[in-house]
Amino acid sequence: MDNQIQSDINDLMTRRLEELHELNTNCIETYAYKYDVTSYSTEIKSDYEKYESKDVAVAGRIMALRRMGKASFVLIQDKLGRIQIYLRGDEIGVEIYQAFKLMDIGDIIGVDGYVFKTKTGEISVHAKSLKLLSKSIRPIPIAKEVTNEKGEKVIFDQFADKELRYRQRYVDLIVNPEVKEVFKKRSQIVSAIRTFLDENNFLEVETPILQPLYGGAAARPFVTHHNTLDIDLYLRIADELYLKRLIIGGFDRVYEISKDFRNEGIDKTHNPEFTMLELYAAYHDYEWMMEFVEKMVNNTCEKVFGTNDFTIEGHKVSFKAPWQRISMVEELKKYTGIDVLNASKEELVKAVKDRGIDLKGGESKGKLIDELFELTVQHKLIQPTFITDYPIELSPLAKKHRTIDGIVERFEGFVLGREICNAFSELNDPIDQKERFESQSEMREAGDDEAHQIDHDYIRAMEYGMPPTAGLGVGIDRLVMLLTNQPTIRDVILFPQMRPEKKDSK
């Protein structure tokens with residue numbers, strides 16, 4: 001932080017601490033226990049006829065104030081918006097009005113009064129009493145709006161630094177109210193999905209976060225140690241294997257909306273801690289699941305936004321069913337000329353390297369095909385699209401395709417080049433599953449640290465018999481990014497992972 005800015009903040013904090021001391025000396029409560037709020041800013045302003053001349057109790061943070069001798073105007077911000085308060089010393093009492101002179105922008109106050117319109121027509125609350133609820137010691141950054149000679153609005157001192165906003169989300173929410181709306185929408189999206197699944201007879205369950213073996217995805221885990229048991233445990237990278245144990249146990253439809261953790265890089269679409277929806281439906285396959293995804297997303301869009309048509313990053317995107325369905329194998333042949341199922345590993349290595357990608361060696365054929373897909377096809381998928389026909393090496397938990405050798409019954413959903421979901425006809429043959437796990441183990445030994453571990457208990461569970469099942473994973477963060485038109489995953493996670501804060505050299 002700039003030294004001059006830090007010095008100014010220190011001076012302001014010193015002054016506010018002096019004010020706090022004076023308020024306490026004068027027996028003014030500075031940190032209240034409660035305040036009974038009856039009304040909120042936006043409700044009062046949108047339904048003035050109902051509230052005109054009625055008594056209300058409002059509370060919020062001071063965002064602007066104008067003192068004028070015996071009277072003052074204060075703008076407070078509550079959970080819904082902002083409203084003006086009119087104060088007169090002879091009405092709220094000399095003692096509290098004197099105390100008001102020691103209050104600042106950022107302080108939280110409660111006001112009892114009645115609703116009226118000022119001479120300029122602004123809906124306000126005429127205070128009959130005022131109570132300080134919390135004294136703000138640290139000044140909040142307040143943007144100043146000025147109109148220049150051209151009539152253009154110019155904003156100064158805006159809390160706009162992205163890194164600082166993510167790190168101090170509490171300040172971001174105070175001074176950038178539009179950020180709150182994104183997270184309200186996120187909550188509504190999750191709620192709409194949960195309601196849709198409940199209405200379709202899915203049972204919400206909870207599975208372990210700490211797992212003796214990690215599985216269900218290709219990813220590096222976070223490792224921790226349990227002292228009493230003296231064993232290493234892993235933060236889950238997916239819920240899949242536990243949810244499918246429940247399918248084996250007789251629950252026909254289950255889902256979980258949960259935090260998963262992957263020890264991976266941080267970029268526009270990746271955060272080490274993220275939210276996933278996973279669901280499994282017995283007696284269905286991936287074709288059924290494609291239609292179910294369309295219905296679920298369409299229902300969510302309609303419930304939360306009232307439409308399935310969006311403008312996202314300048315693109316007009318329609319989530320209306322049916323979504324396009326494209327074969328990964330055919331699309332790669334179209335854009336690269338390579339028949340990836342019959343190509344040698346050497347041909348695939350050359351194709352990837354020819355496109356400027358350095359390989360560390362030891363990549364499986366499936367991994368090379370996936371890399372080639374990302375390089376040549378994925379960024380072209382603007383409208384909602386299901387990509388099908390994945391190589392068997394990439395999908396150790398999916399059933400082999402019923403008619404095409406070398407691929408599995410799997411799809412991924414893409415929008416604007418971003419993966420938002422992944423689904424299989426789930427592998428339910430325990431012998432085939434064991435062989436796949438063993439193949440993954442060989443890949444790990446060859447250097448693929450994201451290859452799947454062998455989970456012997458899961459194989460044992462499958463040996464009791466698992467019904468044909470369709471499974472789905474949806475990245476909630478990425479879906480919210482799209483529907484709220486946010487450029488990065490950090491904009492839809494309240495507290496994204498950050499590098500440690502640099503300490504002042506002093």
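This is a short tour of one protein chain, stop by stop, with something to select at each.

**Start with the whole chain**

Keep in mind that the model is predicted. Show the full chain as a cartoon. You are looking at 506 residues, and 48% of them are buried. The secondary structure comes to 16 helices and 20 strands. Rotate the C-alpha trace: along its principal axes it spans about 85 × 60 × 55 Å. Now switch on the surface. The chain exposes about 25800 Å², and carbon and sulfur atoms supply 50% of that area. Next, think about contacts. Among those with a separation of 6 or more, 64% join residues 24 or more positions apart.

**Stop 1: strand E13**

Select residues 273-282, which make up strand E13. How many of the 10 residues of E13 are buried? The count is 9, so the strand is largely enclosed by the rest of the structure.

Now add the strands that pair with E13. Select residues 253-261 for strand E12, which is joined to E13 by 9 bridges and runs antiparallel to it. Pick out tyrosine 255: its bridge partner in E13 is leucine 279. Then select residues 469-475, strand E20. E20 also pairs with E13 in the antiparallel sense, over 7 bridges. To see one point of this pairing, label alanine 282 and threonine 469 of E20, which stand opposite each other.

**Stop 2: helix H9**

Keep those strands on screen and select residues 240-249, helix H9. Of the 10 residues in H9, 7 are buried, so the helix is largely enclosed by the rest of the structure. Show these side chains: Glu240, Leu241, Leu243, Lys244, Arg245, Ile247 and Ile248 are the buried ones. Notice that Glu240, Lys244 and Arg245 are on that list.

What covers the buried residues of H9? The cover includes E12, E13 and E20, which you have already selected, along with strand E19 (418-425) and helix H15 (456-463). Before leaving, click on glycine 250. This residue follows H9, and its phi is positive, near 115°.

**Stop 3: an open sheet**

Next, find the 3 strands that form an open sheet in the order E9-E11-E10, with antiparallel pairing. Select strand E9 (210-211) and strand E10 (223-226): both stand at the edges, each with a single partner strand, so one side of each is left without a neighbour in the sheet. Now add residues 231-235, strand E11, which is joined to E9 by 2 antiparallel bridges. Label glutamine 211 and you will find tyrosine 234 of E11 standing opposite.

**Stop 4: the cysteines**

Colour the cysteine sulfur atoms. How many disulfides are there? The count comes to 0. Zoom in on cysteine 301. The nearest cysteine sulfur belongs to cysteine 421 and is 13 Å away. A disulfide needs two sulfur atoms within 2.5 Å, so this pair does not qualify.

Is cysteine 301 buried or exposed? With 0% relative accessibility, cysteine 301 counts as buried. Cysteine 27 is exposed, with a relative accessible area of 72%.

**Last stop: a surface patch**

Bring the surface back and select Tyr170, Leu494 and Phe495. These residues form a nonpolar patch with about 340 Å² of accessible area together. Leucine 494 lies in the segment after helix H16 (476-483). With 36% relative accessibility, leucine 494 counts as partly exposed.

Note on methods. Residues numbered from 1 in each chain as written. Predicted model: local features only at pLDDT ≥ 70, side-chain atom pairs only at ≥ 80, totals over all residues. Heavy atoms only, no water. Buried < 20%, exposed > 50% of the residue type's maximum accessible area, 1.4 Å probe, protein only. Helix = DSSP H or I, 4+ residues; strand = E, 2+ residues; numbered from the N terminus. Pairing = 2+ DSSP bridges. Contact = heavy atoms within 4.5 Å. Patch = residues over 30% accessible without salt bridge, like charges linked within 9 Å, V, L, I, M, F, W, Y side chains within 5 Å. Areas by Shrake-Rupley, 256 points an atom, 1.4 Å probe, with all protein chains shown as cover. Salt bridge = Lys/Arg side-chain N within 4 Å of Asp/Glu carboxyl O.
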